[in-house]
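Work through the exercises below with the sequence and the model open. Each task is followed by a solution in steps.

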Amino acid sequence: MPKYVVLLGAPGAGKGTQAVTISEEMGLPHISSGDIFRENLKNETELGKEAAQFINAGELVPDDLTIKMIEDRLSREDCKDGAVLDGFPRTAPQAAALDEMLVKFDGQVDVVPFIDVPTEELVKRLSGRIVCKKCGATFHKVFNPYTVCPSGEDHSEFLYQREDDKEETVRNRIKVYLANTSPLIEYYENRGVLARVNGDQDIEAVREDVLAVLK
């Protein structure tokens, strides 16, 4: 039976990093909803063209269209043994739709690791990023302080912080994520497949805990 893993975590929780680890460990493709959208838009597939109409109008892509894109991706040969899903589902209705979809592939969501990180730690991680306008190098006020750019040149006068990395914006992103994800967490808890992982550790410790959950 195919094995499907859904990975949950707020912005800054390190979900993307751990998704790659899980994918390698389990030998399953890492399916990112963002990658699927970009692929369909770039290749101008029928689904991509339909999604573009909503995106260009500044509207959210409807659930049914997003689900069609996910189903199309999961129907490919490399997903015959399952997949690691990153960025989908985002809501409880999407999770229910995913469960219905996976029946077609003779599978189900087996485990949902939720990388749980305190809000203040998320804010610290996300609001500390600074970028060099001249060469594009990124640094972090706490975890990777600026000294010089990779070229060895002093670009300190070109350092700035993007609007979406500022604390107020970061706090709002986290607030929106938690509001939208709470029902999803409850959905998977009720199904008995949610596994909380302490994300307030170094990357390797989180990796070990996630893999322990999978085993």
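**Exercise 1: surroundings of S33**

Apart from neighbours within four places in sequence, S33 is in contact with D86, G87, F88 and R90. The model is a predicted one.

Task: State where S33 is found, and decide whether S33 is buried or exposed.

Solution.
- Step 1. Find the element: S33 belongs to helix 2, which covers residues 33-42.
- Step 2. Take the relative accessible area of S33, which is 7%.
- Step 3. Buried means under 20%, so S33 is buried.

**Exercise 2: an unusual peptide bond**

Task: Find which residues a cis peptide bond joins, and place P89 in the chain.

Solution.
- Step 1. Look at omega: the bond between F88 and P89 has a value of about 0°, and this bond is cis.
- Step 2. Set this against the general rule that most peptide bonds are trans.
- Step 3. Locate P89: the loop that holds P89 runs between strand 3 (82-86) and helix 5 (92-103).
- Step 4. Return to Exercise 1: F88 is among the contacts of S33.

**Exercise 3: positive phi**

Task: For E44 and D106, give phi, the loop and the exposure.

Solution.
- Step 1. Recall that most residues other than glycine have a negative phi.
- Step 2. E44 is not a glycine, yet its phi is positive, about 50°. The loop between helix 2 and helix 3 (46-56) contains E44.
- Step 3. The relative accessible area of E44 is 56%. Exposed means over 50%, so E44 is exposed.
- Step 4. D106, also not a glycine, has a positive phi near 55°. D106 sits in the loop between helix 5 and strand 4.
- Step 5. With a relative accessible area of 58%, D106 is exposed.

**Exercise 4: helix 8**

Task: Describe the length of helix 8, its start, and what covers its buried residues.

Solution.
- Step 1. Helix 8 spans residues 203-214, twelve residues in number. From first C-alpha to last, helix 8 reaches 17 Å, close to the 16 Å expected at 1.5 Å a residue.
- Step 2. At the start of helix 8, the backbone nitrogen of E204 has a side-chain oxygen of D202 within 3.2 Å.
- Step 3. The buried residues of helix 8 are A205, V206, V210, L211 and L214.
- Step 4. The cover over these buried residues includes strand 1 (3-9), helix 1 (15-26), strand 4 (108-116) and strand 8 (194-198).

**Exercise 5: salt bridges**

Task: How many salt bridges does the structure hold, and which parts does the pair D116 and R196 tie together?

Solution.
- Step 1. The structure holds 18 salt bridges.
- Step 2. One of them joins the side chains of D116 and R196, at 3.5 Å from N to O. D116 lies in strand 4 and R196 in strand 8, so this pair ties together parts 80 residues apart in sequence.
- Step 3. Check the exposure: D116 is partly exposed at 31% relative accessibility, and R196 is partly exposed at 48%.
- Step 4. R196 also meets E189 in a salt bridge, at 3.2 Å from N to O. E189 is partly exposed, with a relative accessible area of 41%.
- Step 5. Another salt bridge is formed by E120 and R171, whose closest N and O atoms are 2.9 Å apart. E120 lies in helix 6 (residues 119-126) and R171 in helix 7 (residues 167-191), so the pair ties together parts 51 residues apart in sequence.
- Step 6. Finally, a network of salt bridges links E39, D72 and R76.

Notes:
Residues are numbered from 1 along each chain as its sequence is written. This is a predicted model: local features need pLDDT of at least 70, side-chain atom pairs count only at pLDDT 80 or more; totals for chains, interfaces and linings use all residues. Side-chain values use heavy atoms; hydrogens and water are left out. Helices (H or I, at least four residues) and strands (E, at least two) are DSSP runs, numbered from the N terminus. Buried means under 20% relative accessible area, exposed over 50%, partly exposed in between (1.4 Å probe, protein chains only). Contact means heavy atoms within 4.5 Å. The expected span of a helix is 1.5 Å times one less than its number of residues. A polar contact is a pair of N or O atoms within 3.5 Å; within protein, one must be able to donate a hydrogen and the other to accept it, and residues adjacent in sequence count only if both atoms are side-chain atoms. A salt bridge is a side-chain nitrogen of Lys or Arg within 4 Å of a carboxyl oxygen of Asp or Glu.
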